[in-house]
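I opened this structure to look up its core, one of its helices and its charged pairs. My entries follow in the order in which I looked.

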Amino acid sequence: MGFCLLKEIIKKLIPQLFFIFILCLSSFLSFTKEAISSSADVENQRVVIVDAGHGGFDGGAVAMDGTSEKDINLKIAKKLKNNLLLNGIKVIMTRESDEAINDTGEHIHSKKVSDMQNRLLVMSENKDAVFVSIHLNKFTTSAASGAQIFYSDNFQKSAVLANSVRESIISLLQPENKRVIKKANSSTYLLYNAKTPAIIVECGFLSNKNDLINLKSDDFQSKIAFSISEGIINFFGSDK
């Protein structure tokens with residue numbers, strides 16, 4: 001009698017158990033599909049946010065002859081953009097003219113804060129991209145020279161990207177350059193708060209006579225932009 005009763009109960013539960021099984025299977029397949037899709041999007045995405053440092057009211061570093069960092073940054077950034085586009089890489093520019101991207105602020109400090117926040121917002125809105133900011137260095141003595149790359153510690157791939165760009169610059173343009181990549185600290189707002197793999201490329205020293213001559217040269221600007229783009233392209237290749 002007990003066996004028959006148990007058999008009846010199981011018989012009644014079978015449709016419900018089957019429904020639960022189908023529901024679980026459907027959820028599992030959906031989750032797996034989402035995971036694979038998300039992974040594939042990240043892996044295949046080739047997008048670079050090119051950030052020309054400073055601009056507008058913010059001239060950045062200034063050389064002894066009055067050369068402003070912001071202008072050279074923009075020229076190199078535009079050349080970098082064109083090189084990347086030619087290689088099928090999507091580019092998002094934070095600025096393409098001599099202007100800051102702040103939308104608030106009456107004083108220099110508040111304008112600068114707004115400008116930095118808006119650049120960070122571009123990263124937040126494009127989390128599948130990598131962020132490459134173009135800057136120039138300046139030091140208290142004229143001895144320091146050469147390009148150097150700083151990276152965000154928020155993403156492991158930032159260091160990989162920084163190394164790839166460094167190796168490209170050394171092999172193609174500055175074989176004598178011994179500068180190593182450096183992890184950014186809290187004083188570097190964009191890298192410290194980065195929402196994507198991010199680096200800053202300091203393309204040379206305005207305080208060094210030879211670097212300054214090079215940085216003002218259209219030929220050198222083209223060469224450094226090409227070297228950076230090759231490093232980025234190699235990074236995407238190794239990332240796959």
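These entries go from the core to helix 3, then to the salt bridges and the rings.

**Core.** I kept in mind throughout that this is a predicted model. I looked up which members of the largest nonpolar core touch the most others, and of its 41 residues these are Val-132, Val-201, Ile-228 and Ile-232. The largest share of this core, eight residues, is supplied by helix 7, which covers residues 218-239. I also noted a second, separate core of 15 residues, with Ile-92, Leu-120, Met-123 and Ala-198 among them. For Val-201 I then listed contacts, leaving out residues up to four places away in sequence, and found Val-132, Ile-149, Val-165 and Ile-228 among them, together with polar neighbours including Ser-133 and Gln-148.

**Helix 3.** I checked the span of helix 3 (residues 108-125), whose 18 residues reach 26 Å from first to last C-alpha, close to the 26 Å expected. Its buried residues include Asp-115, Arg-119, Leu-120 and Met-123, and among the elements covering the buried residues of helix 3 are strand 1 (47-52), strand 3 (130-137) and strand 6 (198-205).

**Salt bridges.** I counted nine salt bridges. Arg-119 and Asp-51 meet in one of them at 2.5 Å, N to O, and this pair links helix 3 with strand 1 across 68 residues. Buried or exposed, I asked of Arg-119? At 1% relative accessibility Arg-119 counts as buried, and Asp-51, also at 1%, counts as buried, because the cut-off for buried is under 20%. Asp-115 joins Asp-51 and Arg-119 in a network of salt bridges.

Lys-112 and Asp-58 meet at 2.3 Å, N to O, with Lys-112 in helix 3 and Asp-58 in the loop between strand 1 and helix 2. Here Lys-112 is partly exposed at 26%, whereas Asp-58 counts as buried at 14%. I looked at Lys-79 and Asp-218 as well, which form a salt bridge of 2.8 Å; Lys-79 lies in helix 2 and Asp-218 in helix 7, so the pair ties together parts 139 residues apart in sequence.

**Loop and rings.** In the loop between strand 1 and helix 2 I also found His-54, which has a positive phi of about 65° although it is not a glycine. His-54 is buried, with a relative accessible area of 14%.

I found one aromatic pair in the structure, namely Phe-235 with Phe-236, tilted at 55° between the planes and 5.5 Å centre to centre; both residues are buried. Last, I noted that the charged end of Lys-111 sits over the ring of Phe-57, 5.7 Å from its centre.

How values were computed
Residues are numbered from 1 along each chain as its sequence is written. This is a predicted model: local features need pLDDT of at least 70, side-chain atom pairs count only at pLDDT 80 or more; totals for chains, interfaces and linings use all residues. Side-chain values use heavy atoms; hydrogens and water are left out. A nonpolar core is a set of buried Ala, Val, Leu, Ile, Met, Phe, Trp, Tyr and Cys residues joined through side-chain atoms within 4.5 Å. Buried means under 20% relative accessible area, exposed over 50%, partly exposed in between (1.4 Å probe, protein chains only). Helices (H or I, at least four residues) and strands (E, at least two) are DSSP runs, numbered from the N terminus. Contact means heavy atoms within 4.5 Å. The expected span of a helix is 1.5 Å times one less than its number of residues. Rings of Phe, Tyr and Trp (its six-membered ring) pair if their centres lie within 6.5 Å; planes under 30 degrees apart count as stacked, over 60 as edge-to-face and the rest as tilted. A charge sits over a ring if NZ of Lys or CZ of Arg is within 6 Å of the ring centre and within 35 degrees of the ring normal. A salt bridge is a side-chain nitrogen of Lys or Arg within 4 Å of a carboxyl oxygen of Asp or Glu.
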